[in-house]
Every structure is written in structure tokens, then in C-alpha cells.
Amino acid sequence: MSLYGMMRTGVSGMNAQANRLSSVSDNIANSNTTGYKRSSTEFSSLIIPSTNSNYTSGGVTTTVRNAISQQGDLRFTTSSNDLAINGNGFFIVQDADGQTFMTRAGAFTPDDEGRLVNAAGFQLMGYSYANGVPSANANGFGGLEAVSVKINETTAAPSKIGIFSANLPASADIVPAAERPSQNAATAKFSAKSSLLAYDNLGREVLLDVYSTKTANNTWEVTIYNQADAAANTSFPYSSPALATQTLSFDGTTGQLTAASPKNISVAIPGGQNLTIDLAKMTQLGEEYTVSKAEIDGSGPSTIDTVEIASDGTVFAQFSDGSIKDLYRIPLASVQSPDQLNVLPGNVFSESTLSGSVQVGFAGEGSYGAIVSGALESSNVDVAEELTNMIESQRSYTANSKVFQTGADLMDVLVNLKR
């Protein structure tokens with residue numbers, strides 16, 4: 001064993017303990033950082049082959065590992081925008097340059113444009129309901145957009161889908177063809193009438209008069225008019241033709257619609273969208289006309305009072321008129337080996353060659369955890385353990401320095417053998 005080798009081994013030990021102290025200091029400094037994952041320094045020996053008569057000292061090398069898969073405790077807050085994940089998964093966030101990352105730091109607050117941004121400045125990403133119920137892009141981050149919740153912004157939604165279910169009395173009289181509502185005559189007769197509220201593109205109310213008329217045994221005609229076109233105090237005749245007419249056929253034995261009968265009616269809302277009303281639950285039974293369900297989507301101009309986030313990641317707004325609308329659905333990301341992710345500034349992670357590919361899904365599905373609104377995930381740092389590690393590293397560093405110092409002293413002895 002050479003004295004130089006002994007000194008190098010001491011230096012290797014001091015460097016290793018310095019690395020351990022660095023990870024300990026990071027852990028202690030971030031013990032109160034939301035979603036922070038502790039790091040640890042693992043040691044492995046460096047052995048140099050030795051001969052029978054001489055031992056050649058090696059050294060020690062370090063590897064930093066991060067306990068990303070270890071969940072921290074949840075602490076509850078008063079803000080519904082604070083989010084935590086109870087279980088597996090990561091929030092998907094994006095920086096100002098459009099780069100996408102994963103994080104467990106869910107302290108989100110709206111910025112000046114209503115986008116949810118966490119303390120490190122990363123925007124929360126989600127799928128919009130603008131084009132219908134979203135589905136996750138399982139193998140990547142495509143289709144995501146920044147989640148934006150603009151409180152006090154006035155919005156309106158046109159009517160597109162509705163449900164109308166009623167019982168039509170089997171004992172109703174048959175109305176002659178010339179007197180049916182579809183003919184729009186002043187002498188029009190009908191078996192039953194209801195009104196439905198819909199909305200146009202600007203959120204203006206459109207009242208629909210729905211007439212049900214028995215035209216033959218087990219056959220009914222459903223006719224819809226715009227109430228704004230009705231004649232004063234009489235309804236008929238309307239100043240414009242019917243918006244839609246549909247003929248329904250019933251089974252005289254069961255009172256249900258026959259298999260061949262149409263099950264819906266399409267109405268072109270004036271100034272609005274094409275409204276499809278589901279009539280599949282209409283019946284013809286031996287009792288009076290009774291409406292069991294009448295629903296049409298859409299809303300008039302109203303402001304968002306509150307924004308809530310469900311455990312499955314659905315972001316929905318409650319408007320001042322009491323209506324509720326789904327805005328976004330927040331997905332979660334996962335990888336096969338979370339502890340092998342790249343750790344980046346801002347408490348975010350990115351895919352590495354050892355972590356496996358990113359997969360995207362929704363909270364509560366498969367192995368993904370649940371999203372908890374009004375809570376934050378604390379760091380998984382145990383300060384007591386870190387302080388213990390710090391003392392151990394300090395003592396070990398001192399011991400390695402003594403090895404180096406001893407080697408230096410022996411070198412002095414060697415150099416001074418000849419004077």
C-alpha cells in the first residue's frame with residue numbers, strides 16, 4: 001500500500017461524505033416544500049486488485065437516489081385550488097416555454113388570465129370539455145391545455161341536448177288531420193301540451209310549445225313551435241311553421257314505443273344550435289297526461305361563482321344561476337419506475353431512460369390515486385432522520401480527514417529520513 005494511495009482513499013471518503021451532507025442539507029432546506037421528495041446518498045466501494053504482499057487501497061463512490069414514489073403526509077387548506085394526490089400519479093404541468101413536466105406540488109392559484117399556476121410558475125394541464133367528454137391520451141401529453149378558471153366572467157351556453165318523457169293518455173280522442181297542430185290552423189286541436197325552456201347562442205331564452213296529438217290508435221304526433229310566434233291569447237295560428245314534427249308509434253300491449261318508432265326529435269332553435277330531444281321514455285298508458293322528466297341543457301348569461309375540483313379530476317364551475325358546467329378534467333401521469341425520474345428545478349420531474357415511458361390516465365382509474373381538493377402533499381423529509389445522518393456524515397468526514405492527515409504525517413517522516 002502506498003502512502004499516496006492511502007491519502008487518495010481518505011480524500012475519496014471525504015468527498016463521499018460531502019456529497020451525503022449536500023443531500024442532507026437539501027432535504028432539511030426543503031422540509032417544508034410542498035411535494036418535495038427527499039434525496040439520499042448511497043455508497044459503493046471502489047476496489048483495486050491487490051497482490052499477496054501489498055494491499056492497494058481503493059475508495060468509495062456515491063449514487064444519489066430520490067424517494068419519489070414515497071408519498072408525503074396530506075395537510076388540508078382552505079383553498080379548493082390546492083391539490084394533492086392520494087396514491088400514485090403526478091400532475092402534468094407546463095412551463096412558460098411550453099415544456100411539459102410532472103410534479104406532486106399542487107399549490108395552484110389563478111394568474112391574471114385565470115390559469116392555475118403553482119409556486120414554481122408551472123401551469124396545470126388538463127383536457128377540455130369544449131368538444132365533449134374528454135379521453136386520456138394514454139401514451140403522451142397530446143391534447144392537453146392549460147386549465148383556466150376565470151371567476152366573474154359572463155358566459156352563456158346554447159341548448160344542444162334534451163330529454164322529454166311523458167305519459168300520453170291511451171283514452172285520448174283521435175284528432176282529424178285538418179285539425180292537428182302541424183297544420184297550424186286557428187282551429188287546431190291537440191291532446192296535451194307542455195312548454196320547454198331552451199337557449200340560443202347568446203343565452204337568450206327560447207320557449208318551445210310541445211304539442212302531443214293522437215292521430216290514430218297507438219300513433220301520436222309531436223309538434224314543436226316557437227312560443228314567440230304564437231298569436232296573442234290563442235297560440236294558433238303561429239306566425240311561423242312548426243320547428244319540428246315527429247310521429248311516434250306505441251305498442252298497444254305494453255304502452256312503450258315500438259322498435260321501429262323514432263326515439264328523438266331534432267329542433268332548430270332560432271338563433272341557436274340544433275337541439276336533439278330524447279323521447280325514448282315516452283309511454284301510452286291508461287292514465288292522464290303526466291310529464292315525468294323534462295331537461296334541456298344550456299344556460300343564459302351568468303357569472304361563475306365558484307370552481308370545484310372532484311376526486312376524479314373533473315373541474316366544474318357553479319354559475320350564479322345555480323347551474324353547473326364541466327370545464328376540464330385533470331389527468332395524472334405515471335411511469336414504471338418513478339424513483340428513476342430526472343429531478344429538475346422547480347420540484348418537477350421528467351422521463352429518463354431508466355424510468356420507463358410516461359402513461360396518462362384519470363384519477364381513480366387503474367393504479368392512479370385520487371385527487372384531493374383543498375389539500376397539499378407535504379415533503380417526505382423526516383428532519384430528525386436527516387439530523388442523525390448529518391451527525392454521522394460529520395463524524396465520518398472527520399475520520400477520513402484523520403486518515404489523510406496520518407498519511408501526510410507519514411510522508412513527512414519518509415521525506416525526513418535523510419537529513
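**Strand S6, the nonpolar cores and helix H2 in a predicted model**

Thr103 is found in strand S6, which runs over residues 100-103. The model is predicted. Thr103 is buried, and its relative accessible area is 0%. A polar atom of the Thr103 side chain lies 3.0 Å from the backbone nitrogen of Ala105. Beyond its neighbours within four places in sequence, Thr103 contacts Phe90, Phe91 and Val93. Asn118 is also in contact with Thr103, as are Asn347, Val348 and Phe349.

Phe91 reappears in the largest nonpolar core, which has 25 residues. The members that touch the most others are Leu83, Phe91, Leu124, Val315, Ile330 and Ile371. Five strands each supply at least two residues of this core: S4 (83-86), S5 (90-94), S21 (299-309), S22 (314-319) and S23 (324-329). Another core lies apart from it and holds 24 residues. Among them are Ala198, Trp220, Leu248 and Met282.

The surroundings of Val315 were examined further. Residues up to four places away in sequence are not counted here. Val315 touches Val147 and Val149, and also Val307, Glu308 and Ile309. Its other contacts are Lys325, Asp326, Leu327, Tyr328 and Ile330.

The protein contains two helices and 29 strands. Its radius of gyration is 36 Å, whereas the globule rule gives 22 Å for 419 residues. The protein is therefore more spread out than a compact globule. Along the principal axes, the C-alpha trace spans about 135 × 45 × 35 Å. Buried residues make up 42% of the 419. The accessible surface comes to about 21200 Å², and carbon and sulfur atoms account for 49% of it. Among contacts between residues at least 6 apart in sequence, 62% join residues at least 24 apart.

Helix H2 covers residues 383-415. At 1.5 Å a residue, its 33 residues should span 48 Å. The end C-alpha atoms are 47 Å apart, so the span agrees with the expected value. At the start of H2, a side-chain oxygen of Asp382 comes within 3.1 Å of the backbone nitrogen of Ala384. The buried residues of H2 are Glu386, Asn389, Ser393, Asn400, Gly407 and Met411. An α-helix has 3.6 residues a turn, so residues three or four places apart point the same way. Helix H1 (3-29) is included in what covers the buried residues of H2.

Terms used:
Residues are numbered from 1 along each chain as its sequence is written. This is a predicted model: local features need pLDDT of at least 70, side-chain atom pairs count only at pLDDT 80 or more; totals for chains, interfaces and linings use all residues. Side-chain values use heavy atoms; hydrogens and water are left out. Helices (H or I, at least four residues) and strands (E, at least two) are DSSP runs, numbered from the N terminus. The expected span of a helix is 1.5 Å times one less than its number of residues. Buried means under 20% relative accessible area, exposed over 50%, partly exposed in between (1.4 Å probe, protein chains only). Contact means heavy atoms within 4.5 Å. A polar contact is a pair of N or O atoms within 3.5 Å; within protein, one must be able to donate a hydrogen and the other to accept it, and residues adjacent in sequence count only if both atoms are side-chain atoms. The radius of gyration is taken over C-alpha atoms; the globule rule is 2.2 Å times the number of residues to the power 0.38. Accessible areas come from the Shrake-Rupley method with a 1.4 Å probe; for residues, only the protein chains shown count as cover. A nonpolar core is a set of buried Ala, Val, Leu, Ile, Met, Phe, Trp, Tyr and Cys residues joined through side-chain atoms within 4.5 Å.
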